[in-house]
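Colleague: I should like a close look at one part of this model, namely its aromatic residues and the packing around them. Please treat the matter as one connected account.

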Amino acid sequence: MREPWVVGVSGASGTPYAAAVLRGLLDAGTGVDLIVSRAARLTVLDETGRPFRDAHWRDDLGAWLGRDLAGDDLRYWPAGDLAAGPSSGSYRARGMAVVPASTAACAGIAIGLSKDLLQRAAEVNLKERRPVVVVPRETPVTRSHLEHLIALHDAGAVVLPASPGFYGAGASASAQQLVDFVAGKVLDALGVPHTLFRRWAGELGAAVW
């Protein structure tokens with residue numbers, strides 16, 4: 001029986017993180033159910049110059065990821081479809097990553113607002129005690145944002161800020177290496193194998209590719 005990871009992309013800046021997580025999941029041969037919020041479509045267009053349209057989602061996603069999606073186990077659910085599979089706890093899923101997670105998405109998930117499918121799917125995975133990783137990308141943060149992140153932590157989510165480490169590539173790390181570091185940490189939290197970054201091995205000065 002199909003049991004995909006659900007990936008929700010909210011409207012926060014940081015769509016390269018979402019792309020790297022999606023590529024990592026597909027490279028690992030796992031099924032993916034994708035939800036892209038209305039605000040995220042604007043961010044994708046702004047950060048990549050590419051549209052993301054419901055009617056052409058496979059072509060648009062392939063162009064965004066720079067990947068031929070033939071053979072990949074992918075399903076797309078419009079954010080406004082609150083009758084979609086991931087809206088129900090009886091729908092089989094391994095868990096969910098929200099990447100990037102806007103302050104609005106974090107707040108909505110934390111209080112159970114379920115204003116769209118992304119928030120509802122995250123709430124469902126939390127209540128079903130499945131792994132949920134939330135990747136906030138906002139700085140500085142307000143007290144209310146911190147309170148919502150604490151509420152998510154207490155509900156069982158992994159709060160994983162988009163905070164790259166430099167020990168894998170050093171001060172000369174490329175933007176893609178820093179993005180891949182965060183994406184790799186997301187996959188680690190989900191228990192999905194990957195080779196997105198060099199792991200710390202207890203040896204100083206080893207950050208050379």
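Which residues do ring pairs link into a cluster?

Modeller: The model is a predicted one, and the account below should be read accordingly. The cluster consists of Phe52, Trp57, Trp64 and Tyr76, joined to one another by ring pairs. In total, 7 aromatic pairs are counted.

One of these pairs is formed by tyrosine 167 and tryptophan 200, whose ring centres are 5.9 Å apart; their planes stand at 70°, which is over the 60 degrees required, so the pair is edge-to-face. Tyrosine 167 belongs to the loop between β6 (158–159) and α7 (175–190), while tryptophan 200 belongs to the segment after α7, so the pair ties together parts separated by 33 residues in sequence. Neither ring-bearing residue is buried: tyrosine 167 is partly exposed, at a relative accessible area of 36%, and tryptophan 200 is likewise partly exposed, at 48%.

To return to the cluster, Phe52 is also a contact of two residues of interest. Leucine 61 is in contact with Phe52, and also with Leu22, Leu34, Leu69 and Leu74, when neighbours within four places in sequence are left aside. On that same basis, aspartate 60 is in contact with Phe52, together with Pro51 and Arg53. Aspartate 60 lies in helix α3 (residues 57–65). With a relative accessible area of 6%, aspartate 60 falls under the 20% limit and is therefore buried.

The wider setting is the nonpolar packing. In soluble globular proteins, nonpolar side chains tend to be buried together. Here the largest nonpolar core has 37 residues, and those touching the most other members are Leu25, Leu34, Leu61 and Trp64. Trp64 thus appears both in this core and in the ring cluster. Helix α1 (residues 15–27) is the greatest contributor to this core, giving 8 residues. Apart from this core lies another, of 23 residues, including Val6, Met96, Cys106 and Ala122.

Finally, the largest pocket may be considered. The space within the largest pocket is about 220 Å³. Two or more lining residues come from each of the elements α2 (38–48), α4 (103–110) and α5 (117–127). The lining comprises 14 residues, and nearest the centre of the pocket lie Ser37, Ala39, Lys115, Asp116 and Gln119. By class, the lining divides into 5 nonpolar, 6 polar and 3 charged residues.

Conventions
Residues are numbered from 1 along each chain as its sequence is written. This is a predicted model: local features need pLDDT of at least 70, side-chain atom pairs count only at pLDDT 80 or more; totals for chains, interfaces and linings use all residues. Side-chain values use heavy atoms; hydrogens and water are left out. On a 1 Å grid over the protein atoms alone, a cavity is a set of points where a 1.4 Å probe fits but cannot get out, and a pocket is an open set with protein on both sides within 12 Å along at least five of seven lines; lining residues have an atom within 4 Å of a point. Grid points are joined across faces, edges and corners, and a volume is the space filled by probe spheres set on the points. Helices (H or I, at least four residues) and strands (E, at least two) are DSSP runs, numbered from the N terminus. Ala, Val, Leu, Ile, Met, Phe, Trp, Tyr, Cys and Pro count as nonpolar, Asp, Glu, Lys and Arg as charged, and the others, Gly among them, as polar. A nonpolar core is a set of buried Ala, Val, Leu, Ile, Met, Phe, Trp, Tyr and Cys residues joined through side-chain atoms within 4.5 Å. Buried means under 20% relative accessible area, exposed over 50%, partly exposed in between (1.4 Å probe, protein chains only). Contact means heavy atoms within 4.5 Å. Rings of Phe, Tyr and Trp (its six-membered ring) pair if their centres lie within 6.5 Å; planes under 30 degrees apart count as stacked, over 60 as edge-to-face and the rest as tilted.
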